[in-house]
Amino acid sequence: MFLFLSKLLPLFLYPLGLTCVLLVVALVMLWRRSRWVPVPIALALIVLLLGSNAWVANGLVRSLEWQQIPKVELPKADAIVVLGGSTKSAFPPRPSVDLSEEGDRVLYGAQLYREGKAPLVIASGGRIAWRGGGPSESADMAEILKTLGVPASAILQDPTSLNTYQNAVNVRQIMKQRGIRRVLLVTSAMHMPRSLGIFQRQGIEAIPAPTDFLITEQEIEEPNTTPEATILSLLPDADRLRNTTRALKEYLGMVIYRLRGWL
């Protein structure tokens, strides 16, 4: 039940869900002939405009992504942990497993293996039956890792974890069984602050290896370069709204995980 509620309730706090709530309130007020109908409508518009604004979206994402940027070359470790959330099962008409936008996690994990950073790759991630279904993400990631040159003998799987806390708990068990002491933790840069904190809370010596950066120096500078760029940055944009939502999801996740003692 916690897993379901953790997916459902936050939807109404993100920009799109909050806008829908405000518009429903406006409809109810309109039905009751209230003179305050413009208030929730104006608030809904403000939420959408702010959430899809370049400065707001870029600032929120940057505040998370730039926390764990490696300042020196990544050291070697005993294993590379790649967190799930990056694959789509091979349901028809897909010819094989697909990578989602977060698929850089798998690609980077394979790259680090080929660079000799660690002799093992731990693919960590299950699959929620009522949200996509299909084989575990760890199995899907293993298939892609093998395609990218990682031998099957070097891949370990955690196929049951359904959130980041379970990722850390299950990986810790694998590390104990295999005598692994230090890992490179690979996940999206925006997800790294929460993930790293959870892994460290489990007593895991994890070195952050972030990837899948949404915001670069170019994105930060572009809105201020020309009048055209400034105008476009002020107008609503679905991608920026999604980025704002993802950043808010991470911050909300930090609050919830701290309340539960996982972070």
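Which residues is I204 in contact with, leaving aside its neighbours within four places in sequence? Hello everyone, let me start with that one. The partners are A168, V171, R172, M175, V183 and F199. Please keep in mind that this is a predicted model, and that every value I mention is computed from it.

Let me stay with I204 for a moment. You will find I204 in the loop between α8 and β7, the strand that covers residues 205-211. Is I204 buried or exposed? I204 has 5% relative accessibility, and anything under 20% counts as buried, so I204 is buried. One of the partners deserves a second look: R172 sits 32 residues away from I204 in sequence, yet the two C-alpha atoms are 6.8 Å apart in space.

In that loop we also have Q202, again between α8 and β7. Its relative accessible area is 14%, so Q202 counts as buried too. Setting aside neighbours within four places in sequence, Q202 is in contact with Y165, A168, V169 and R172. For a contrast, take L148: it is 54 residues from Q202 in sequence, and their C-alpha atoms are 30 Å apart.

Now let me step back to the whole chain. How many helices and strands are there in the protein chain? There are eleven helices and seven strands. Along its principal axes, the C-alpha trace spans about 70 × 45 × 40 Å. The chain has 263 residues, and 46% of them count as buried. If you take the contacts with a separation of 6 or more, 71% come from residues 24 or more positions apart.

On to the helices, beginning with α7 and α8. Two packed helices are described by the angle between their axes and the distance between the axes. Helix α7 covers residues 164-178, and its axis comes within 9 Å of the axis of α8, crossing at roughly 40°. That angle makes α7 oblique to α8. The crossing of this pair is right-handed. Who meets whom? On the α7 side we have T164, Y165, N167, A168 and V171, and on the α8 side R194, S195, I198 and F199. Sorted by class, that contact has five nonpolar, three polar and one charged residues. You may recognise some names here: A168, V171 and F199 were among the partners of I204.

Helix α8 also packs with α11. Here α8 is residues 192-201 and α11 is residues 238-259; their axes come within 9 Å and cross at roughly 20°. Why are these two called roughly parallel? An angle under 35 degrees counts as roughly parallel, and therefore α8 and α11 are described that way. The handedness of this crossing is left-handed. From α8, the residues involved are P193, R194 and I198, and they meet E250, G253, M254 and Y257 of α11. By class, there are four nonpolar, one polar and two charged residues in this contact. R194 and I198 in α8 meet α11, and R194 and I198 also turn up in the contact with α7.

Let me finish with the charges. How many salt bridges does a search of the whole structure find? It finds ten. I will walk you through a few.

One of them joins the side chains of E73 and K117, at 3.0 Å from N to O. E73 is in the loop between α4 and β1, while K117 is in the loop between α5 and β4, so the pair ties together parts that are 44 residues apart in sequence. The two ends sit in opposite surroundings: E73 is exposed at 65% relative accessibility, whereas K117 is buried at 9%.

Another links R94 and D98, at 3.6 Å from N to O. R94 is partly exposed at 31% relative accessibility, and D98 is partly exposed as well, at 29%.

Then there is R127 with D140, at 2.5 Å from N to O. R127 lies in the loop between β4 and α6, and D140 lies in helix α6 itself, so this bridge ties together parts 13 residues apart in sequence. D140 is buried, with a relative accessible area of 4%.

Finally, some charges form a group: E101, E102, D212, R242 and R246 are linked in a network of salt bridges. Thanks for listening, and I am happy to take questions.

Notes: Residues are numbered from 1 along each chain as its sequence is written. This is a predicted model: local features need pLDDT of at least 70, side-chain atom pairs count only at pLDDT 80 or more; totals for chains, interfaces and linings use all residues. Side-chain values use heavy atoms; hydrogens and water are left out. Axes are lines fitted to C-alpha atoms, for helices over the stretch in contact, and angles run from 0 to 180 degrees between N-to-C directions. Helices (H or I, at least four residues) and strands (E, at least two) are DSSP runs, numbered from the N terminus. Angles under 35 degrees count as roughly parallel, over 145 as roughly antiparallel, 65 to 115 as roughly perpendicular and the rest as oblique. A crossing is left-handed if the near helix is turned anticlockwise from the far one by less than a right angle, and right-handed if clockwise. Contact means heavy atoms within 4.5 Å. Ala, Val, Leu, Ile, Met, Phe, Trp, Tyr, Cys and Pro count as nonpolar, Asp, Glu, Lys and Arg as charged, and the others, Gly among them, as polar. A salt bridge is a side-chain nitrogen of Lys or Arg within 4 Å of a carboxyl oxygen of Asp or Glu. Buried means under 20% relative accessible area, exposed over 50%, partly exposed in between (1.4 Å probe, protein chains only).
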